[in-house]
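The following exercises concern one structure and are each followed by a worked solution. Please examine the sequence and the model before attempting them.

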2 protein chains.
Amino acid sequence: MEVTIRQLEYLVALAETENFGRAAEQCFVTQPALSAQIAQLEKTLGIDLIERGRKATLTPAGEAAVARARDILEDLRRLRDETGTFLSPLAGRIRLGALPTVAPYLLPQAMPALRQAYPRLQLELREAPARELAAALQSGSLDLVLTVLGEDLGAVEEWRILEDPFLLLAPAGHPLLGRRSLAQADLVGHPLLLLEDGHGLNPQVLEACALRAGPTASDFRASSLGTLVGMVASGLGVTLLPELAAEAEVRSDSGLKLARFETPEPKRELGLAWRRGAIRSRDFRLLGQALKKSLE
Amino acid sequence: MEVTIRQLEYLVALAETENFGRAAEQCFVTQPALSAQIAQLEKTLGIDLIERGRKATLTPAGEAAVARARDILEDLRRLRDETGTFLSPLAGRIRLGALPTVAPYLLPQAMPALRQAYPRLQLELREAPARELAAALQSGSLDLVLTVLGEDLGAVEEWRILEDPFLLLAPAGHPLLGRRSLAQADLVGHPLLLLEDGHGLNPQVLEACALRAGPTASDFRASSLGTLVGMVASGLGVTLLPELAAEAEVRSDSGLKLARFETPEPKRELGLAWRRGAIRSRDFRLLGQALKKSLE
DNA sequence: TAAAAATACTCCATAGGTATTTTAT
DNA sequence: ATAAAATACCTATGGAGTATTTTTA
């Protein structure tokens, strides 16, 4: 006999539920039907996949089979998604990864318009730092990433969405705010607050200011932009915020002030990236256009 | 209806043959049977995959579907291979990549013993430079690579097979051969022949000799170790050969001589590498042992 | 001794085969 | 005109259901 997709679906369900009955229920079939298919699969492979007992657990061979089965089912979903887009644009599932310093400020505004324009689009969102996004994109566990462009993302196509300048955030009355114009060099000597290590934003901030880490970087580290703003508010120092985030994070009654830098402004470039040659690149460009439009 | 593996097999066969009848033949079914399954697949996906005519060609959606189908069928083969190894070690297919400067000198000797010990093993061999091997390993199009260890191969496990020292190859009577002992520094000033750019062996050779490219490297480049030896024979210069290759490439009547370097010898370290956590790592270690043993 | 999985048996959906017609070049 | 694919129709395999027994913790 041959291995069937159905058998693989049953196997994955069984791996998830550890119980033939519940797995069957999850697959909308009866327990004997599922049992028979699993038995059939074991027979074709010539090895036991399931350790029968009070709980149904996987044998080592079962673990291996389930891993492959998941890949196969995932690829099958992608087959449906990809062929579907030739029917109507932006139909089906797109797994989008985005930076935690971007997603919450860009996507919520854009979603209503997107749902309206492309009702058959299903966006699966995952937030992760830039390195993880790039890796997930290459490994195929993400279809599309919303991230900082111009870094090494591997073999990708990029689509610019916006330039996001860094603004100075300081408590009202801070000496840096008084100047007629603000240059990046003016920051020297002022304690600069950063995010926790590992955030891609830090090197961007430091590089944007042509500063190297160390002397002026403060020892306090924040775990999100929200707490970073809080730290500035408590007088621990100043920081740079992407304009995109600044609008949302800095409340007008917080006693904090934002200031633009004189040109050339420090900035980051945000956009979409996908694997070079991806079948759905047209879809991805459409999505990029929609995102860009939602910012106007 | 649901997409079935059989439909995907038929689709791939059709993509390969561009002809329903021959595709059917290739799948050991009749033409109407294959036609029906393709029609069924198109119906479930809701889109035409095939452009019917004198030749059966793929529509854009068909291209996409075939690409995914190939992935799925490949994963299915891997499922069989991987679960099979829990039955008997080293059963099934292993896709092995190897350096062109290693494969022909190591594998032919080892194959007979391997076939004897593991008759159910099917080795698929692919020769490629180190960078390609590393990429193919990570992308999953190879299971195992035989390459120079100690370079950046990504998230892999490594298994040492042998240290392969570089020997000096020079025409008999060459001044470098007269010395009592030969040090790497002695090469300075002698034209050193290298392989074509892109070969991983060049930087290894240059680094091994603590020489940087340029002054002493000759302008002539060889495309294989065989022609490299020929170039030395025609008096264009000297070169370094891995000992593994030297035995096979340098004929005793060629008028060429090999000389060992004094310790510390320049050398390369050869071994197997596979993706970290690969299910068949036990198999790969067994294969490594067998290769090592075949060298004794 | 219960809960869980396997077995026994029936039914029907469907893949595949043969024979034939339709379609494209 | 002719090769190639679709259609019509039949057969049989096998997957799913119900009812029941067997297993095991």
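**Exercise 1. Determine where B:Glu18 lies and describe its backbone and its burial.**

Solution. Step 1: B:Glu18 is found in the loop that joins α1 and α2 of chain B; helices (H or I, at least four residues) and strands (E, at least two) are DSSP runs, numbered from the N terminus. The model is predicted: local features need pLDDT of at least 70, side-chain atom pairs count only at pLDDT 80 or more, and totals for chains, interfaces and linings use all residues. Residues are numbered from 1 along each chain as its sequence is written, while chains are lettered from A and ligands numbered from 1 in the order in which they are written.

Step 2: Although B:Glu18 is not a glycine, its phi is positive, at about 55°. Most residues other than glycine have a negative phi.

Step 3: B:Glu18 counts as partly exposed because it has 16 C-beta neighbours inside 10 Å. By definition, a residue is buried if 20 or more other C-beta atoms lie within 10 Å of its own, exposed if 12 or fewer, and partly exposed in between, with C-beta atoms placed from the backbone.

**Exercise 2. Carry out the corresponding analysis for A:Leu90: where does it lie, and is it buried or exposed?**

Solution. Step 1: A:Leu90 belongs to the loop between α4 and β3 (92-98) of chain A. Step 2: Its phi is near 55°, a positive value in a residue other than glycine. Step 3: A:Leu90 is buried, since 22 other C-beta atoms lie within 10 Å.

**Exercise 3. Establish how chain A is related to chain B, and describe the contact from the side of chain A.**

Solution. Step 1: Chain A is superposed on chain B by a rotation of 180° with 0.1 Å of shift along its axis, with an RMSD of 0.1 Å. The two copies are thus related as by a two-fold rotation axis. The superposition is by least squares on the C-alpha atoms of residues with pLDDT of at least 70 in both copies.

Step 2: A:Ile72 is the residue of chain A that comes closest to the rotation axis, its C-alpha being at 2.6 Å.

Step 3: The contact takes 25 residues from chain A and 25 residues from chain B; two residues are in contact if their C-beta atoms, placed from the backbone, lie within 7 Å. Helix α4 (residues 60-84) of chain A gives the largest share of its side, 15 residues. By class, that side has 15 nonpolar, 3 polar and 7 charged residues. Here Ala, Val, Leu, Ile, Met, Phe, Trp, Tyr, Cys and Pro count as nonpolar, Asp, Glu, Lys and Arg as charged, and the others, Gly among them, as polar.

Step 4: The copies meet through the same surface, because 100% of the interface residues of chain A are also interface residues in chain B.

**Exercise 4. Identify which residues come nearest to DNA strand D and which are closest to DNA strand C.**

Solution. Step 1: Around DNA strand D there are 20 residues, of which A:Thr30, A:Gly53, B:Phe20, B:Pro32 and B:Ser35 come nearest. A residue is near a strand if its C-beta atom, placed from the backbone, lies within 6 Å of it. Two or more residues of this surface come from each of α3 (31-45) of chain A and α2 (20-26) and α3 (31-45) of chain B; α3(B) gives the most, with 5 residues.

Step 2: DNA strand C is surrounded by 21 residues, the closest being A:Phe20, A:Pro32, A:Ser35, B:Ala33 and B:Gly53. At least two residues of this surface are supplied by each of α2 (20-26) and α3 of chain A and α3 of chain B.

Step 3: The surface near DNA strand D has 9 nonpolar, 8 polar and 3 charged residues, and the surface near DNA strand C has 10 nonpolar, 8 polar and 3 charged.

**Exercise 5. Locate the buried residues of helix α6 of chain B and state what covers them.**

Solution. Step 1: In helix α6 (residues 130-139) of chain B, the residues B:Ala130, B:Leu133, B:Ala134 and B:Leu137 are buried. They cover an arc of only 95° around the axis, which puts them on the same side of α6(B); the arc is that of the directions from the helix axis to the C-beta atoms.

Step 2: Their cover includes β3 (92-98), β5 (144-148), β6 (156-171) and β11 (267-275) of chain B.

Step 3: Just after α6(B), B:Gly140 takes a positive phi of about 90°.
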